Amino acid sequence: MIRNRPITGIANAAATRPLTFIVGCGCLISLLTFGLRSSFGVFTDPVSSDHGWSREIFALAMAIQNLVWGVAQPLGGMLADRFGPARVLAGGGAVYAFGIALMSASTTPGTMHLSAGLLVGLGMGGASFITVLSALGKIVPPERRSWALGLATAAGSLGQFLMVPLGQAFIAAYGWQTAALLLAGLAAAVPILSAAFAGAEPGTAARAEPELSFGDTLRAAFGHGSYLLLLAGFFVCGFQLAFMTIHMPPYLVDRGIAPALAAWSLGVVGLFNIAGAYSAGVIGSRRSKTRLLTGIYLGRAIATALFITLPVTPTSVLLFAAAMGLLWLSTVPPTSGLVAVMFGTRYMATLFGIVFFTHQLGSFVGVWLAGALYARTGSYETVWWLSVVLALASALLHVPIAERPAPRFGSVGPGWRNG
């Protein structure tokens with residue numbers, strides 16, 4: 001039943017706070033949380049060598065992290081929808097920082113899985129750029145929503161560009177334990193930045209949306225075919241990104257690439273995704289989001305197939321990193337935008353959190369499967385080709401998605417339809 005009661009979850013105490021300030025703090029949170037998380041790949045070899053472990057042990061910790069993040073993200077979204085994003089971002093940031101700090105003292109597989117896996121995953125569920133995007137989706141006016149989502153996503157990519165080489169430099173200078181502590185100190189800034197969202201007011205379009213109960217909204221979402229296709233497509237995104245983030249640096253080292261360049265390859269991905277993510281936000285506000293997503297996944301398939309077919313050289317690594325960078329997080333603005341188009345922004349944190357859960361299921365499978373197959377075969381080739389096949393499948397899945405409000409969600413202002 002549709003009820004016309006006031007929106008809950010965000011107070012009206014920040015009417016005088018500039019929107020640009022809130023967006024800026026959100027971008028800094030995205031930069032820190034996504035950038036730090038992207039740096040874990042450069043810890044794979046130092047951690048494994050120091051403890052005498054196979055790569056599979058650290059890979060499992062990263063797989064746990066991705067899975068826990070996926071489970072925690074919808075829960076964090078529910079809390080943000082109910083109590084506002086500031087508290088969720090602050091709490092998640094604190095847990096995130098503690099998990100990275102505890103990772104530095106982990107000496108057994110169990111403690112590594114607890115710290116880098118469970119705790120960091122829980123922290124990301126509250127403090128990730130997904131929570132930031134959902135909050136901005138409610139606050140920013142519809143005509144600027146795709147731009148803001150693209151900007152916050154691009155900030156996460158800038159974080160990847162900065163934090164991966166920084167993490168490698170810390171490891172080279174101080175060892176991986178001290179490097180982890182230094183990165184934990186950076187994560188501790190998130191609770192401070194989250195104060196910008198305290199009392200942030202939803203935009204007029206969000207207040208004008210018809211309100212279904214939470215249960216009715218979930219039933220409507222899972223009964224909507226286009227939403228289900230979006231879930232399946234985002235699984236593939238998670239598979240590809242997590243596999244490459246964790247396993248591409250050691251893969252490149254195995255193929256004779258210097259460790260510094262292997263780390264910088266992820267930095268190049270982040271650099272080019274600044275342009276890719278921002279452009280996706282701008283394009284998504286003017287053109288079809290579904291066609292944009294189809295093109296992104298098709299581009300990933302082509303770029304990956306060429307990379308693993310041609311000889312691996314420093315030039316091919318940088319070209320591939322640049323190509324994938326343009327396509328990396330560029331899926332996020334149109335995907336989150338489609339959630340807003342289909343269901344409005346009232347429960348966007350929850351509904352996009354559920355979409356992101358499937359992303360993290362893919363991340364878990366990609367990280368774990370690559371580590372397991374490498375431990376048994378000494379090669380990543382099977383997972384690279386599987387990534388190509390999945391990208392092609394995801395491109396096809398996005399073709400029939402209907403880019404319009406779902407049934408029972410169509411009676412809103414015209415500006416929201418273009419979210």
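Is E403 buried, exposed or partly exposed? With a relative accessibility of 29%, E403 counts as partly exposed. Keep in mind, as you browse these close-ups, that the model is predicted.

**View 1. K289 and E403 join their side chains in a salt bridge.** The N to O distance here is 3.9 Å. This pair ties together distant parts of the chain, 114 residues apart: K289 belongs to helix α14, while E403 sits in the loop between α18 and α19 (414-417). K289 has a relative accessible area of 3%, so this lysine is buried. Its partner E403, at 29%, is partly exposed.

**View 2. A salt bridge connects E56 with R376.** Their side chains meet at 3.7 Å, N to O. Here too, distant parts of the chain are linked, with E56 in helix α3 and R376 in helix α17 (residues 348-377), 320 residues apart. E56 is partly exposed, at 26% relative accessibility, whereas R376 is exposed, with a relative accessible area of 61%.

**View 3. Helix α11 (residues 214-222) holds both R219 and D216.** The side chains of R219 and D216 form a salt bridge of 2.5 Å, N to O. The two residues are three apart in the helix, about one turn. R219 has a relative accessible area of 58% and is therefore exposed; D216, with 14%, is buried. The structure holds three salt bridges.

**View 4. Helix α3 (residues 55-83) packs with helix α12 (residues 225-254).** Their axes lie 10 Å apart and make an angle of about 160 degrees. The cut-off for roughly antiparallel is over 145 degrees, so α3 and α12 are roughly antiparallel to each other. The crossing of α3 past α12 is right-handed. You may recognise α3 from View 2, as E56 lies in this helix.

**View 5. Helix α7 (residues 142-174) packs with helix α8 (residues 176-187).** The angle between them is about 140 degrees, and the axes are 7 Å apart. That angle makes α7 oblique to α8. Here α7 passes α8 in a right-handed crossing.

**View 6. L298, I302, L306, L310 and L392 make up a nonpolar patch on the surface.** Together these residues have about 450 Å² of accessible area. Helix α14 (residues 289-309) supplies the largest share of the patch, three residues. L392 is located in helix α18 (residues 381-398). With 40% relative accessibility, L392 counts as partly exposed. Helix α14 also features in View 1, through K289.

How values were computed
Residues are numbered from 1 along each chain as its sequence is written. This is a predicted model: local features need pLDDT of at least 70, side-chain atom pairs count only at pLDDT 80 or more; totals for chains, interfaces and linings use all residues. Side-chain values use heavy atoms; hydrogens and water are left out. Patches are made of residues with over 30% relative accessible area and no salt bridge: like charges are joined within 9 Å, nonpolar side chains (Val, Leu, Ile, Met, Phe, Trp, Tyr) within 5 Å. Accessible areas come from the Shrake-Rupley method with a 1.4 Å probe; for residues, only the protein chains shown count as cover. A salt bridge is a side-chain nitrogen of Lys or Arg within 4 Å of a carboxyl oxygen of Asp or Glu. Helices (H or I, at least four residues) and strands (E, at least two) are DSSP runs, numbered from the N terminus. Buried means under 20% relative accessible area, exposed over 50%, partly exposed in between (1.4 Å probe, protein chains only). Axes are lines fitted to C-alpha atoms, for helices over the stretch in contact, and angles run from 0 to 180 degrees between N-to-C directions. Angles under 35 degrees count as roughly parallel, over 145 as roughly antiparallel, 65 to 115 as roughly perpendicular and the rest as oblique. A crossing is left-handed if the near helix is turned anticlockwise from the far one by less than a right angle, and right-handed if clockwise.
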